[in-house]
Amino acid sequence: QVQLVESGGGLVQAGGSLRLSCVASGSVAGITTMGWYRQVPGKQRDLVATITGSGATTYADFVEGRVTISRDNAKNTVYLQMNSLKPEDTAVYYCRSLWKNNRGLQFQYWGQGTQVTVSS
């Protein structure tokens with residue numbers, strides 16, 4: 001199993017920046033792609049960005065170049081640098097990890113989420 005703990009959320013004014021962190025623990029050797037998602041109450045959870053073990057990244061269109069995902073495999077940590085934040089970025093941000101066992105079966109794990117609130 002993998003445990004994910006997010007941190008770095010908070011209250012920020014529009015135009016500000018935040019850096020979210022997600023530390024993985026447990027059976028980290030099987031971790032492959034990690035990512036960040038966000039969810040507003042009453043809406044579906046949306047992908048923000050993902051990063052593979054080799055560093056390949058994908059971003060949601062609404063990110064518009066304001067967000068950078070990175071990972072430090074030595075620290076089992078994935079980061080989400082968010083700049084030029086907008087009120088509509090307000091959401092709970094979740095870290096997700098894909099994990100593959102030695103049989104090739106893939107599982108996903110989620111963190112508990114961290115609240116990001118952007119004031120106008």
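Rings of Phe, Tyr and Trp, the last taken by its six-membered ring, pair if their centres lie within 6.5 Å. The structure holds four aromatic pairs of this kind. The model is predicted. This briefing covers the aromatic pairs, the salt bridges, strand β9, the open sheet and the nonpolar core.

**Aromatic pairs**

- Tyr-37 and Trp-110 have ring centres 5.0 Å apart and planes at 70 degrees, so the pair is edge-to-face; the cut-off for that class is over 60 degrees.
- This pair links distant parts of the chain, with Tyr-37 in strand β4 and Trp-110 in strand β10 (residues 106-110), 73 residues apart.
- Tyr-37 has a relative accessibility of 11% and counts as buried, whereas Trp-110 is partly exposed, with a relative accessible area of 32%.
- Trp-110 also forms an edge-to-face pair with Tyr-94, at 6.5 Å centre to centre and 85 degrees between the planes.
- Because Tyr-94 lies in strand β9 and Trp-110 in strand β10, this pair ties together parts that are 16 residues apart in sequence.
- Tyr-94 counts as buried, at 14% relative accessibility.
- Through these ring pairs, Tyr-37, Tyr-94 and Trp-110 are linked into a cluster.

**Salt bridges**

- Side chains of opposite charge can pair when their charged atoms come close.
- The count of salt bridges comes to two.
- In one of them, Arg-38 is joined to Asp-89, and the closest N and O atoms are 2.9 Å apart.
- Arg-38 belongs to strand β4 (residues 31-39) and Asp-89 to the loop between β8 (77-82) and β9 (91-100), so that distant parts of the chain, 51 residues apart, are linked.
- Both Arg-38 and Asp-89 are buried.
- Asp-89 also meets the side chain of Arg-66 in a salt bridge, at 2.7 Å from N to O.
- Here too distant parts of the chain are linked: Asp-89 is in the loop between β8 and β9, and Arg-66 is in the loop between β6 (57-59) and β7 (67-72), 23 residues apart.
- Asp-89 has a relative accessible area of 3% and Arg-66 one of 11%; both are buried because that term applies under 20%.
- Salt bridges with shared partners join Arg-38, Arg-66 and Asp-89 into one network.

**Strand β9 and its partners**

- Eight of the ten residues of β9 are buried, so this strand is largely enclosed by the rest of the structure.
- β9 pairs with β4 in the antiparallel sense over seven bridges.
- In this region, Trp-99 of β9 stands opposite Ile-31.
- Five bridges connect β9 with β10, and the two strands run antiparallel.
- Lys-100 has Gln-106 as its bridge partner in β10.
- β9 and β10 make a hairpin with five residues between them, and Gly-104 in the turn has a positive phi of about 90 degrees.
- β9 is also joined to β11 by three bridges, again in an antiparallel run.
- Tyr-93 has Thr-114 as its bridge partner in β11.

**The open sheet**

- Strands of a sheet pair through backbone hydrogen bonds, either parallel or antiparallel.
- One open sheet has four strands in the order β1-β3-β8-β7, and the pairing is antiparallel.
- Its edge strands are β1 (2-7) and β7, each of which pairs on one side only.
- On average, neighbouring strands of this sheet are turned by 15 degrees against each other, direction ignored.
- Within the sheet, β3 (residues 18-26) and β8 run antiparallel and are joined by six bridges.
- Ser-21 has Tyr-79 as its bridge partner in β8.

**The nonpolar core**

- The largest nonpolar core has 28 residues, of which Trp-36, Leu-80, Met-82 and Tyr-93 touch the most other members.
- At least two residues of this core come from each of β1, β3, β4, β5 (46-51), β7, β8, β9 and β11 (114-119).
- Leaving aside neighbours within four places in sequence, Met-82 is in contact with Gly-16, Ser-17, Leu-18, Leu-20, Arg-66, Val-67, Tyr-93 and Val-116.
- Two of these contacts of Met-82 recur above: Arg-66 also forms a salt bridge with Asp-89, and Tyr-93 is also a bridge partner of Thr-114.

Terms used: Residues are numbered from 1 along each chain as its sequence is written. This is a predicted model: local features need pLDDT of at least 70, side-chain atom pairs count only at pLDDT 80 or more; totals for chains, interfaces and linings use all residues. Side-chain values use heavy atoms; hydrogens and water are left out. A salt bridge is a side-chain nitrogen of Lys or Arg within 4 Å of a carboxyl oxygen of Asp or Glu. Buried means under 20% relative accessible area, exposed over 50%, partly exposed in between (1.4 Å probe, protein chains only). Two strands pair if DSSP finds at least two bridges between them. Axes are lines fitted to C-alpha atoms, for helices over the stretch in contact, and angles run from 0 to 180 degrees between N-to-C directions. A nonpolar core is a set of buried Ala, Val, Leu, Ile, Met, Phe, Trp, Tyr and Cys residues joined through side-chain atoms within 4.5 Å. Contact means heavy atoms within 4.5 Å. Rings of Phe, Tyr and Trp (its six-membered ring) pair if their centres lie within 6.5 Å; planes under 30 degrees apart count as stacked, over 60 as edge-to-face and the rest as tilted.
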